[in-house]
Amino acid sequence: MSDLPRKAITRTAKLAALPLGFAGRATWGLGKRIGGRPAEIVAREVQQRTAEQMFKVLGELKGGAMKLGQAMSVFESALPEEIARPYRAALTKLQEAAPPMPTRTVHTALEQRLGPEWRELFAEFDDKPAAAASIGQVHRAVWHDGRAVAVKVQYPGAGEALLSDLNQLSRFARVLGPLVPGLDIKPLIAELRDRVSEELDYELEAEAQRIHAEEYADDPDVLVPQVVHHGDQVLITEWMEGIPLSEVIADGTPEQRDRAGQLLARFLFSGAFRTGLLHADPHPGNFRLLTGDAPEGPAEKWKLGVLDFGSMDRLPEGLPEPIGIALRMALEGDAQGVYELLRGEGFVKPTIELDPDALLDFLLPMLEPAQVDEFTFDRQWLRRQAARVADRRSPVYELGNQLNLPPSYLLIHRVCLSTIGVLCQLGAEVRLRNELEDWVPGFAERYEDEAEEADEAEEAPEAETEADAEGTEEADGADGAAAEVVEGVEGVEAVKKAPEKTAEASA
């Protein structure tokens with residue numbers, strides 16, 4: 001189906017096909033094994049067919065179904081390789097493309113939203129979409145003033161479809177679990193549903209993009225396209241060339257991976273600090289590596305291009321300071337301090353008692369990237385973390401289940417997890433601690449204390465220097481009198497040399 005299906009009954013039937021299809025293929029696989037085919041080959045075929053159907057259904061439905069697929073795609077790094085492999089290609093497709101809207105639907109939407117003479121706004125307009133996302137698709141065009149632009153058009157009925165999908169998907173959450181084992185889908189769906197109204201409002205998205213474009217206008221590392229025009233359900237921004245992050249993940253050089261990873265971490269933490277907004281949709285389709293006039297390097301000249309500001313978490317004071325304080329105390333081994341802070345923030349409910357040392361042991365392996373100067377994110381590390389907290393036989397599993405995630409931290413938590421997932425897909429070596437020190441309030445306090453101590457240590461010599469200076473001034477006075485005598489005997493050059501000798505003696 002090429003147009004966006006809007007009837008709830010149609011969409012529900014298609015969504016229901018996901019878990020039912022999964023169960024049917026499992027039965028088919030069992031039959032194949034009974035028939036004598038090797039279990040490993042049958043399992044791969046079942047998984048591949050499931051992945052293909054998931055892309056087909058989620059991609060065609062777009063809306064909340066595709067949005068869930070995009071959100072799930074960044075977590076595939078945490079899965080065992082034998083499970084992740086058949087899903088990776090299908091999920092990655094959702095990051096960049098989906099079946100397009102028919103041209104007639106696009107033209108009708110533009111006429112309704114920009115007026116019957118909408119073509120006069122453009123010198124050129126490409127009917128073939130350059131990208132398709134969960135609630136809209138993007139067309140390349142040339143604005144009437146000659147600028148290359150991206151025209152994002154919202155799918156007709158996207159809001160209704162989005163809410164319907166997420167409501168239906170929440171009912172299937174338990175059955176959908178096998179699609180991405182280890183990922184708790186129900187809270188993810190609930191959080192996505194809470195963001196619906198904002199993502200459908202292109203006025204809010206345009207304002208968020210303007211704020212970022214202005215803040216990063218002269219930034220050496222990050223580029224945000226300027227907003228050119230926006231209307232009801234249409235957003236037009238400057239076009240941005242670059243290598244999609246999904247391509248860097250698939251085929252990038254080590255230099256491209258490391259640079260993209262470093263800049264992604266920098267944007268995540270600096271954005272909230274500099275704009276009061278947290279980009280809450282960090283899947284690879286929203287980022288580009290811009291190599292500009294230095295495609296062969298050096299990597300320091302490459303920038304990160306950022307797209308899609310529809311999903312934002314508003315943080316006027318930047319990331320909450322307790323995050324930075326808790327990270328710092330954990331790395332310093334202050335188990336009691338971490339426990340008390342997390343309890344105060346609502347991560348540990350009043351009715352729950354935990355062993356502070358056990359809590360610290362639970363957290364520290366996840367904080368390994370912040371413990372070293374440089375850390376290489378990879379799928380193996382993320383899988384170890386996922387396996388550690390998902391092992392029902394382990395006390396770590398029980399402790400994790402006793403922790404609470406306060407509503408104000410929900411989106412921050414998901415963004416951080418998603419970003420880590422992308423970094424592991426990239427296999428990037430990142431100086432994460434540098435970014436935490438620069439942008440996360442509370443984290444760098446120990447470094448600030450060290451700086452203050454260093455300043456105090458410097459002040460003492462400065463005081464001595466002032467005393468020395470007073471003595472030097474008296475000496476200069478004496479030398480000046482002597483110089484006048486010398487001048488009369490040996491001439492002007494002797495006077496010029498006298499202050500130089502005095503300065504050398506003072507030094």
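Helix α9 (residues 202–215; helices being DSSP runs of H or I with at least four residues, numbered from the N terminus) has 14 residues that, at 1.5 Å a residue, should span 20 Å, and its end C-alpha atoms are 20 Å apart, which agrees; the expected span is 1.5 Å times one less than the number of residues. The model is predicted, so that local features need pLDDT of at least 70 and side-chain atom pairs count only at pLDDT 80 or more, whereas totals for chains, interfaces and linings use all residues. Residues are numbered from 1 along each chain as its sequence is written, and side-chain values use heavy atoms, with hydrogens and water left out.

**Helix α9**
- The buried residues of α9 (under 20% relative accessible area, with a 1.4 Å probe and protein chains only) are Y202, E205, A206, A208, Q209, H212 and A213.
- Seen down the axis of α9, these buried residues fall within an arc of 165°, taken from the directions from the helix axis to the C-beta atoms, so they line one face of the helix.

**Nonpolar cores**
- The largest nonpolar core (buried Ala, Val, Leu, Ile, Met, Phe, Trp, Tyr and Cys residues joined through side-chain atoms within 4.5 Å) has 71 residues, of which F267, F269, V306, L342, F377 and L436 touch the most other members.
- Helix α11 (residues 254–275) gives the most to this core, with 8 residues.
- Apart from this core lies another of 26 residues, among them M101, V153, L235 and I236.

**Whole chain**
- The protein chain holds 21 helices and 13 strands (E runs of at least two residues).
- Of its 507 residues, 47% count as buried.

How values were computed
Buried means under 20% relative accessible area, exposed over 50%, partly exposed in between (1.4 Å probe, protein chains only).
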